[in-house]
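This report covers the sheets, hairpins and nonpolar cores of one chain. The sequence and the structure are shown first, and the description follows.

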Amino acid sequence: MALALTPWLGVRAARAQNEFDPAITSSRQALRVLLGEGDATAVSADSFTFEGRLYRGNFQRDATGSVVNFVDLEQYLYSVVSREMPASWPSFALQAQSICARTYVLERSDPRRGYDLVPSELDQVYEGISGETPAGTAAVGSTSGEVISFESVFAQVAYSSCCGGHTESSADLWGNAALPYLSGVTCGWCTESPSYRWQRSLSFETLAQRLASGQPELGTVLDLRIDARDSSGRARTLELVTGGGSLSVAGSAFRRAVGSRVLPSLLLTGITRLPDGSGVLIEGGGLGHGVGLCQWGARGMARAGRLASQILAFYLPRTDIRNLS
Ligand SMILES: [Zn+2]
């Protein structure tokens, strides 16, 4: 299929030169989204179906047979914003989400790879035209070309559902170099989230099963404690008391092992043993990794009349909004 759009060129070049040059990051270029294996059929010159969903742009199959969607960045964002944040939320929250999502793409896209993004929460949720909403599309349109920059380069943005009262430091969670705009802020805006505070009971038997794959000698689990907290209060390490002794587990590895449904976040306020001794009651706050924009907080700020620029300045301090168009 002939491609009307060409892949992103220059995004990485701009970063390598430590420059922020709107001229070489024109939004006229196409983004490449790896949709995966499946049936794809052209519907028109600028739309096609993949596995029953309608997508904008066009597609190619890569060497492995997977379908790659070539789509205009702004049109990609119509779907992402609508899937990453409820369309019923205030327009300034949706606009903040749009600017974050656009920046995420530009900061990460790499022309040396076969594709730029996957369409899941590993990058950003994207479901083509089938996932679009009028409110999400309007938010993208009203922020067209707007991105977040820090010291003349694209900011490394992140966002998650609810921070539980304090956003997370990217350096603490991911071990990368500290970034002044991702070092964590106290957030009083997300209290209306159903995940602002939560409780989960976790049996020792389940705990042993979930953690067993990497720890064959684990044995019977007897207790679970918070060993150390990071700067935001999240559990940096947990101590697992077993029949064979104590084991220290990194918080992020622990959450991966037990699953995000069991542990919505690592902002744990307390762990107590269940009365029958079969496990623990875990109390905590927030949903997601907590780095960057707190989406429920953006909703709270927008409901209080704050603009998208004010929301982003609060969660990503010392950054600027710039317009590429
Ligand atoms: Zn928050």
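## Contacts and model

Two residues count as in contact if their C-beta atoms, placed from the backbone, lie within 7 Å. The model is predicted. By that contact criterion, Val81 touches Leu94, Gln97, Ser98, Ala101, Gly136, Ala139 and Val140, leaving aside residues up to four places away in sequence.

## Overall make-up

The chain has 325 residues, of which 44% count as buried. It contains 9 helices and 17 strands. Among contacts with a sequence separation of 6 or more, 65% are between residues 24 or more positions apart.

## Nonpolar cores

Which residues have the most contacts inside the largest nonpolar core? They are Val81, Ala96, Cys100, Cys294 and Ile311, in a core of 63 residues. Helix 3, residues 91-108, supplies the largest share of this core, with 10 residues.

Another core, of 16 residues, lies apart from the largest one. Its members include Leu202, Leu240, Val249 and Phe254.

## Sheet of strands 1, 6 and 5

One open sheet is formed by 3 strands in the order 1-6-5, with antiparallel pairing. Strand 1 (30-36) and strand 5 (58-61) are at the edges; each has a single partner strand, so one side of each is left without a neighbour in the sheet. From one strand to the next, the twist averages 30 degrees.

Strand 1 is joined to strand 6, residues 67-72, by 6 bridges, and the two run antiparallel. Within this pairing, Gly36 stands opposite Val67 of strand 6. Helix 2, residues 73-84, packs on the sheet and touches both strand 1 and strand 6. The direction of helix 2 makes about 105 degrees with that of strand 6.

## Sheet of strands 11, 12 and 13

A further open sheet has 3 strands in the order 11-12-13, and its pairing is antiparallel. Why is one side of strand 11 and of strand 13 left without a neighbour in the sheet? Both stand at the edges with a single partner strand each, so no strand pairs with them on the other side. The twist in this sheet averages 25 degrees from one strand to the next.

Helix 7, residues 251-258, packs on the sheet through contacts with strand 12 and strand 13. Its direction makes about 95 degrees with that of strand 13.

## Pairing and hairpins in strands 11 to 13

Strand 11 (residues 221-229) and strand 12 (residues 235-242) run antiparallel and are joined by 7 bridges. Leu224 has Leu240 of strand 12 as its bridge partner, and Arg225 stands opposite Glu239 of strand 12. The hairpin of strand 11 and strand 12 has 5 residues between the strands, and Gly233 in this hairpin takes a positive phi near 95 degrees.

How many bridges pair strand 12 with strand 13? There are 6, in the antiparallel sense, with strand 13 covering residues 245-250. These two strands form a hairpin with 2 residues between them. Leu240 stands opposite Leu247 of strand 13. Leu240 therefore faces Leu224 on one side and Leu247 on the other, strand 12 being placed between strand 11 and strand 13 in the sheet order, with the outer two at the edges.

Key: Residues numbered from 1 in each chain as written. Predicted model: local features only at pLDDT ≥ 70, side-chain atom pairs only at ≥ 80, totals over all residues. Pairing = 2+ DSSP bridges. Helix = DSSP H or I, 4+ residues; strand = E, 2+ residues; numbered from the N terminus. Axes fitted to C-alpha atoms, helices over the stretch in contact; angles between N-to-C directions. Core = buried A, V, L, I, M, F, W, Y, C linked by C-beta atoms within 7 Å. Buried ≥ 20, exposed ≤ 12 C-beta atoms within 10 Å, placed from the backbone.
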